[in-house]
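Me: I am new to this structure and would like to go through it step by step. Could you take my questions in turn, beginning with the surroundings of the ligand?

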Amino acid sequence: MSKKPKPHVFDIILFGGGVAGLWLCNTLKRAGYNVILIEKDRLGSGQTLASQGMIHGGQKYVLQGAVTGHATSLAKMPERWNASFEGWGEIDLTAVKMISDTQIMWPAGSILSDVAVLGAAKLVNAETRKLKKDEFPEVLRLKKKFKGPVYELPEKVLEVRSLVQALAAPLKGRLLKGELTELLPDGQCAVSGQVLRAQLVVFTAGTGNEDALKLLNVQEKQTQRRPLRQVMVRSLPYALYGHGIVGNPKPRVTVTSHADGQGGYVWYLGGAVAEEGAKMEEEETLRFAQKEMADIFPDIDWENKEWATWYGDRAEPFDAKGSLPPGPFLHQRGRILIGWPTKLTFAPALSDRVFDWLKDKDIRPLAKTAPPAALQTADIASYPWEVATWRRL
Ligand SMILES: Cc1cc2nc3c(=O)[nH]c(=O)nc-3n(C[C@H](O)[C@H](O)[C@H](O)COP(=O)(O)OP(=O)(O)OC[C@H]3O[C@@H](n4cnc5c(N)ncnc54)[C@H](O)[C@@H]3O)c2cc1C
């Protein structure tokens, strides 16, 4: 008779090494739990390293003129992150690099957009500043007839890989690469031939949360994907971080800028460009993005540039209208929690939800087992623009 392998027993096992899992792994370790994290690919390889790295404070979401629940919960997050960046927060993030300390909002089109930008600015916190003309980012000063208004939001843009590195640094030996093949509601699972068990298993696996629900045989719809086709264009001599607004809550374009290694920048374009792009093939998206950029920035030569796209999904809990849910969410089955932060910004709030659950169920640190030696360490993924296939149009 073949003997069943003895399970490696932990307090908590996490699946998924994006920002949510890495943040949670740190807070759990700090609270004394024996925790390991299993990543099937590379750390940050889902949405995290493809994100625009903006720590939102809610302003972008009040453009309708009403403060939504989502905007209110987001508004509390920057303070929490700043505490960690400054070294007195819940995780030491002093090594994280900022690519910009602020973001801007500017009217990217119609007269209506001036009203929208102004309306948003009225609802936002006192630190939001209307810029004088000579303070506009260089690329907006190029626009001959452009008068603004341009608002500066005190919201940081992160160099996301440095965030992943800073979150991974205290977790040496606990971040393992493995393939989940079995999962039981009592907290037992099989990973790359190893049997593991924990008091609690948490999935922060983005689109991979669907794998967990399948293995648990959950029939009801719990997840949604909202696809995006982000556009990348290089090389620009100027950096820009912010949202080009037209009379619509969704920015016409959201721009972040990333060093291209040759003294210039890759512009990474989100907002409506990426949402519309998700409905098109790559070629059509690129032509659409080029046209949009030529309309928004007519003084830049968009012909002589290289272009690429990143296609992927925002992985979220199911919302009947298919909209962005108002905040982080946990689904529970037995000893399994399945979590979605819904925004990078919300990773600390998702961790709070897990801690509420641990408190409620009185789950305390018990296990002493060392991470299974058979599983390799997970390494960190690349940015989309480092691995993209670039082309001229
Ligand atoms: C283009 C884009 C731009 C964005 N910009 C912003 C922004 O500026 N600000 C903001 O706040 N939010 C932003 N977001 C949202 C934000 O990126 C996500 O909400 C956040 O990164 C989700 O983190 P996560 O850790 O839950 O998931 P992910 O980052 O997707 O990580 C999931 C991880 O789980 C792994 N995995 C999958 N299946 C399994 C499995 N079976 N076993 C083990 N591991 C598994 C994956 O390989 C991956 O590493 C953006 C999202 C996108 C797509």
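Me: Which helix supplies at least two residues of the shell around the ligand?

Reply: In this predicted model, four elements each supply at least two residues of that shell, and three of them are the strands β2 (35–39), β12 (223–236) and β16 (306–317). The helix among these elements is α1 (19–30).

Me: By class, which residues of the shell around the ligand are there, and how many are polar?

Reply: The ligand is surrounded by 38 residues, the closest being G16, G18, G46, G206 and G208, and at least three residues of the shell come from each of domain 1 (8–48 + 162–222 + 319–383) and domain 2 (103–154 + 226–314). Sorted by class, the shell has 12 nonpolar and six charged residues, while the number of polar ones is 20.

Me: Why is one side of β5 and of β19 left without a neighbour in the sheet?

Reply: The open sheet has nine strands with mixed pairing, in the order β5-β6-β4-β13-β14-β15-β12-β16-β19. Because β5 (129–130) and β19 (391–392) stand at its edges, each has a single partner strand.

Me: Which residue of β16 is the bridge partner of Q224?

Reply: β12 and β16 pair in the antiparallel sense, and their pairing runs over 12 bridges. In β16, the partner that Q224 bridges to is E316.

Me: How are α1 and α10 oriented to each other?

Reply: Helix α10 (residues 347–360) packs with α1 at an angle of about 55°, the two axes being 9 Å apart, and α1 passes α10 in a right-handed crossing. An angle between 35 and 65 degrees is neither roughly parallel nor roughly perpendicular, and the two helices are therefore oblique.

Terms used:
Residues are numbered from 1 along each chain as its sequence is written. This is a predicted model: local features need pLDDT of at least 70, side-chain atom pairs count only at pLDDT 80 or more; totals for chains, interfaces and linings use all residues. A residue is near a molecule or strand if its C-beta atom, placed from the backbone, lies within 6 Å of it. Ala, Val, Leu, Ile, Met, Phe, Trp, Tyr, Cys and Pro count as nonpolar, Asp, Glu, Lys and Arg as charged, and the others, Gly among them, as polar. Domain bounds come from an automatic or database domain assignment. Two strands pair if DSSP finds at least two bridges between them. Axes are lines fitted to C-alpha atoms, for helices over the stretch in contact, and angles run from 0 to 180 degrees between N-to-C directions. Angles under 35 degrees count as roughly parallel, over 145 as roughly antiparallel, 65 to 115 as roughly perpendicular and the rest as oblique. A crossing is left-handed if the near helix is turned anticlockwise from the far one by less than a right angle, and right-handed if clockwise.
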